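Please open the model in your viewer and keep the sequence panel beside it, since the tour moves from one selection to the next. Each stop says what to select and then what is found there.

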Amino acid sequence: VDGTYFTIDGRKSFWIGAQAFVARQTAYTSASALRLYRDFKSMREAGMRISRNFFGWNPGDVSDSDERERVLRLMDACVLLSQKFGIVNYFNAVCGNEIPRTLDGISAEARDVEMFARRYRNVPGFLMDVRNEPRLACAKRPTGQEAMSDHSLADAFSAWSRAVADAAARGRPGIGVATGWSQGWGWASAYKDPPTAVLPFSFTDCHYYGENSSHLAEIKKIDQRILGRPAVMGECGVAFNPERIQYSDSFATEEEAARRYRCQAVQTFGSGYAFMCNYGWTDHIEGNLTFAFRHWDGNPREVLKVYSKLAKAFSSFEVGESRPEVALVLSDARFVRGGLNRVLNVYRRAVDALSWWGVNYSVIPKCAKTRIPDDVRLVLDTAQLAAAGLEGACDEDLKIDPRAYVGDMLAKAGVVVSRQAGDADALGVFRVPMKGGGEAWAFWNPNRQAPVSVERGGRRLVIGPDRAGLIRLSADGSLIGMEEL
C-alpha cells in the first residue's frame, strides 16, 4: 500500500483483473494447480494485474489432517503461481457471510486470519480479504429500509472489524487488508453499515453487479481515500448464461456486458480507485457460475477483447497521488428509525452532482469527520444538503437543481472540476493526475446512438456510442496519447 494506490516494483497504476479461483476448497475441477497455472498465464497475457481468489475456508469442513493439508497446499499453489506471472493475489479465505457475534467466535476467526497472513508473510504480491460480503444476523426488524441501522449493531460490527484487521497485522505487519462489501445496506434480518465497519482496515472494497446508473452511488459509499488509503472494486461482473444463474437481473448479452465494463472501468479509474476485478476468469465445467471471460475449455468470450483492451490501456502509465478535495459526510440520521432512506436520497443526489462535475471526493461517516485533513477545500454533510432541499423522495419534488447547487458550492470553495464548456451533458468526465505532473482524462459516452466529441490539450477525440475514451497529456499540456476504448 502506498497512499491511495498499490505498487508493483514501486510503480503506481490502475489495475484491472479477474478472479482465477472460485471454489469451495477442493470441491470443483478448478481445484487444480495446473488449471491455476494456465489461468494466471492467460490472465497476464491479457493484461491482468490483480486476481481475487475465493476459497471459502471453514476449519470445520477440514477437520481431517490430510484433507486440511490438501486444502492448504492448493492455497499455496494459488498464491505462488500468481506471483510467477506478476499478478497480485487478493486472497479471500474465511467461509460464509455472517460474522460471529460472540467473543469466542471473533477470536477463532481472528486466529485463522492471522494464520494466513503469517503463512504468506514473505509473498510480495499479496493482499487479504478477510471475509466475503459480511453481514450481521439480527432479530427481524421492520421490512424495507426504514429501520435498517442502529448504533449497537454498528458497534458490534466494528468490534469484529478491529479484531480481524489487527489479527492480519500481527501475522504480517503492514499487510494490505480489507473485506469486500456487497451492495446495499442490509435487509430486515441482516445488518451492515459499511462506512463505519471499514474504518479499521487498510483499504476499502465494495462489490458491484448491475446497471451503470447505480454504479457510483454503490461503490462510493466507502470511498475513504481522504483518510489516506486505497479504495477498490474487488468484485464485479455480469452473467452470460441465464439458465445457470439464480439472479436473472445479473444476466447480460456480451454487448451489454461490454457496455458495463467500459463505463465501470472509466468510473472506477476516474474516481481514483486502485483496481477493479471481475468475478471470474474461466467457467467451471460444473456450470454453476457463469461470470467468467473464458469458457471452461479455455476459449475466450468476445467481451474479453474489450476487457483486455481496458486493462492494457489503464495500466500502461503511472498515476500520481491524488487526495480528494471534497468530503461528503454521511449523517447519523441513518441510525434513526426511518432515517436511512432519507439520508440515501440526499447521498445519491450528492454523488450524482459531484461525479457529474468530475470532482475528486470521498465519503465518510460522521464519526470520522474529525479525521478530515485540514487542506480539504469543501466538506458537505448530508444533513446540510437535506436542509438545503435535496431530501425529497422524488426528483420532481425538489425545488432546487442538485447539480447547480453543488456546482455553486464547489466554485465558491475553489474546487477544481473536470467538466469543461462544450462537454456533452450526458458525458462522464474524469481526470486523474499522472506521475510527473501530467493528466489522464477518461470519458464515458452513454449515448447508444450518437458519438460525442471531446477536446483536451487542443486535441479532439471522437468517442463512439457506448464507448470510452482516454486522453493523456504531459505536464506542459502536450499530447502523450489518446484512444477510443
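Among contacts in the chain between residues at least 6 apart in sequence, what percentage join residues at least 24 apart? The figure is 74%, and it comes, like every value on this tour, from a predicted model.

**The whole chain**

Begin with the entire chain selected and coloured by secondary structure, where 11 helices and 24 strands can be followed. If you then colour by burial, buried residues account for 60% of the 485 residues in the chain. With the surface switched on, you are looking at an accessible area of about 19100 Å², and carbon and sulfur atoms contribute 48% of that area.

**Helix 1 and helix 2**

Select residues 33-45, which form helix 1, together with residues 65-84, which form helix 2. The axes of these two helices lie 9 Å apart, and the angle at which they pack is about 25°. Angles under 35 degrees count as roughly parallel, and helix 1 and helix 2 are therefore roughly parallel to each other. Their crossing is right-handed. Now show side chains: on the helix 1 side the contact is made by A33, L36, Y37 and F40, and these meet L74, A77, C78, L81, S82 and K84 of helix 2. Sorted by class, the residues of this contact comprise 8 nonpolar, 1 polar and 1 charged.

**Helix 9 and helix 11**

Next, select residues 339-356 for helix 9 and residues 402-413 for helix 11, a pair whose axes are 9 Å apart and whose packing angle is about 60°. How are helix 9 and helix 11 oriented to each other? With an angle of about 60°, the two helices are oblique to each other, and they cross with a right-handed sense. The side chains to display are R349, D352, A353, L354 and W356 from helix 9, with P402, R403, V406 and L410 from helix 11. This contact of helix 9 with helix 11 contains 6 nonpolar and 3 charged residues, and no polar ones.

**A313 in helix 8**

Move to residues 303-314, which are helix 8, and pick out A313 within that helix. Is A313 buried or exposed? A313 has a relative accessible area of 6% and is therefore buried, the cut-off for that class being under 20%. Leaving aside residues up to four places away in sequence, A313 touches L470, E483 and L485. Draw a C-alpha to C-alpha distance from A313 to E483, and the viewer should give 8.8 Å for two residues that are 170 apart in sequence.

**Two loop residues with positive phi**

Most residues other than glycine have a negative phi. The last two selections, D9 and E133, each have a positive value. Select D9 in the loop between strand 1 (7-8) and strand 2 (11-12), where its phi is near 55°. D9 is exposed, because its relative accessible area is 82% and the class begins over 50%.

Finish at E133, which belongs to the loop between strand 6 (126-132) and strand 7 (136-137) and has a phi near 45°. E133 is buried, because its relative accessibility is 18%. When you display both residues together, D9 appears as an exposed loop residue and E133 as a buried one.

Terms used
Residues numbered from 1 in each chain as written. Predicted model: local features only at pLDDT ≥ 70, side-chain atom pairs only at ≥ 80, totals over all residues. Heavy atoms only, no water. Helix = DSSP H or I, 4+ residues; strand = E, 2+ residues; numbered from the N terminus. Buried < 20%, exposed > 50% of the residue type's maximum accessible area, 1.4 Å probe, protein only. Contact = heavy atoms within 4.5 Å. Areas by Shrake-Rupley, 256 points an atom, 1.4 Å probe, with all protein chains shown as cover. Axes fitted to C-alpha atoms, helices over the stretch in contact; angles between N-to-C directions. Parallel < 35°, antiparallel > 145°, perpendicular 65-115°, else oblique. Left-handed = near helix turned anticlockwise from the far one by under 90°. Nonpolar A, V, L, I, M, F, W, Y, C, P; charged D, E, K, R; others polar.
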